[in-house]
Amino acid sequence: MDATVNIGKTIAHDLPAAHAHLQRRAADAGLAVCEALGMEAVNPHYGLTMTLELADALRRASDVDGALDALEQTVVMAEQLASRQSDAARGMPLFDRVSDGFDPANVGEDWVAHKAHQADEMQTLMQRAVAERLADPAWREAAGHDPRYRDLIHRAERLSGK
């Protein structure tokens with residue numbers, strides 16, 4: 001399973017500019033595998049990181065419109081993740097396999113609180129990463145004139161608390 005997901009990330013990251021359509025297909029495949037296996041329950045940030053990588057790959061391929069579409073998808077995912085409850089994974093196929101590890105009766109309140117803190121910290125780091133990536137000079141050079149880009153910058157900054 002890890003090999004399949006990593007193949008999608010590797011292809012989306014390393015192909016030459018002439019293969020932007022393959023970059024999209026590789027990202028779509030990685031996202032489809034993630035969704036089909038219910039992996040969002042284990043790593044809710046996978047889709048966000050995949051679309052962010054796709055956006056960068058498309059920008060490097062000079063497909064600014066496609067890159068901005070992928071950035072929009074990334075920011076929407078970040079906004080959705082920011083509004084989710086910490087127990088949003090319940091009912092997902094993979095979460096059901098690890099849920100005993102989150103039951104305070106089995107592991108203790110301190111451990112559960114520690115894991116909740118880690119999840120919150122990861123969320124904060126992902127929000128900052130999206131804002132920092134959007135602020136990259138390469139993005140300003142490629143899309144700084146586009147009002148969609150400026151809107152995405154503002155939305156990402158709001159998420160990250162900047």
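1. Read from the N terminus on, the elements of the chain run α-α-α-α-α-α-α-α-α, and the count is accordingly given as nine helices and zero strands. Please keep in mind throughout that this is a predicted model. Of the 162 residues of the chain, 35% count as buried. Among the contacts between residues at least 6 apart in sequence, 65% join residues that are at least 24 apart.

2. A helix worth following along its length is H2, which covers residues 20-36. H2 has 17 residues and reaches 24 Å from its first C-alpha to its last, which is close to the 24 Å expected at 1.5 Å a residue. Just after H2 comes glycine 38, which takes a positive phi of about 65°.

3. Which residues of H2 are buried? They are Ala20, Gln23, Ala26, Ala27, Gly30, Leu31 and Cys34. Seen down the axis of H2, these buried residues fall within an arc of 130°, so they line one face of the helix. A general point helps in reading such a list: an α-helix has 3.6 residues a turn, so residues three or four places apart point the same way. On the other side of H2, Arg25, Glu35 and Ala36 are exposed.

4. A single residue to look at with care is leucine 48, which has its place in helix H3, residues 46-60. Is leucine 48 buried or exposed? Because its relative accessible area is 2%, and buried means under 20%, leucine 48 counts as buried.

5. What does leucine 48 touch, once its neighbours within four places in sequence are left aside? Leucine 48 is in contact with Thr74, Met77, Ala78, Leu81, Met126 and Val130. A distance to valine 75 can be added to this picture: leucine 48 and valine 75 are 27 residues apart in sequence, yet they lie 8.0 Å apart in space, C-alpha to C-alpha.

6. The second largest pocket has a volume of about 210 Å³. Of the 13 residues that line this pocket, the closest to its centre are Glu40, Pro44, Gly47, Leu48 and Met77, and Leu48 and Met77 are also a pair in contact with each other. Helix H2, helix H3 and helix H4 (64-83) each supply at least two residues of the lining, while the residues of that lining divide into seven nonpolar, three polar and three charged.

Definitions and conventions
Residues numbered from 1 in each chain as written. Predicted model: local features only at pLDDT ≥ 70, side-chain atom pairs only at ≥ 80, totals over all residues. Heavy atoms only, no water. Helix = DSSP H or I, 4+ residues; strand = E, 2+ residues; numbered from the N terminus. Buried < 20%, exposed > 50% of the residue type's maximum accessible area, 1.4 Å probe, protein only. Contact = heavy atoms within 4.5 Å. 1 Å grid on protein atoms, 1.4 Å probe; cavity = no way out; pocket = protein on both sides within 12 Å on 5 of 7 lines; lining within 4 Å. Points joined across faces, edges and corners; volume = space filled by probe spheres on them. Nonpolar A, V, L, I, M, F, W, Y, C, P; charged D, E, K, R; others polar. Expected span 1.5 Å × (residues − 1). Arc of directions from axis to C-beta.
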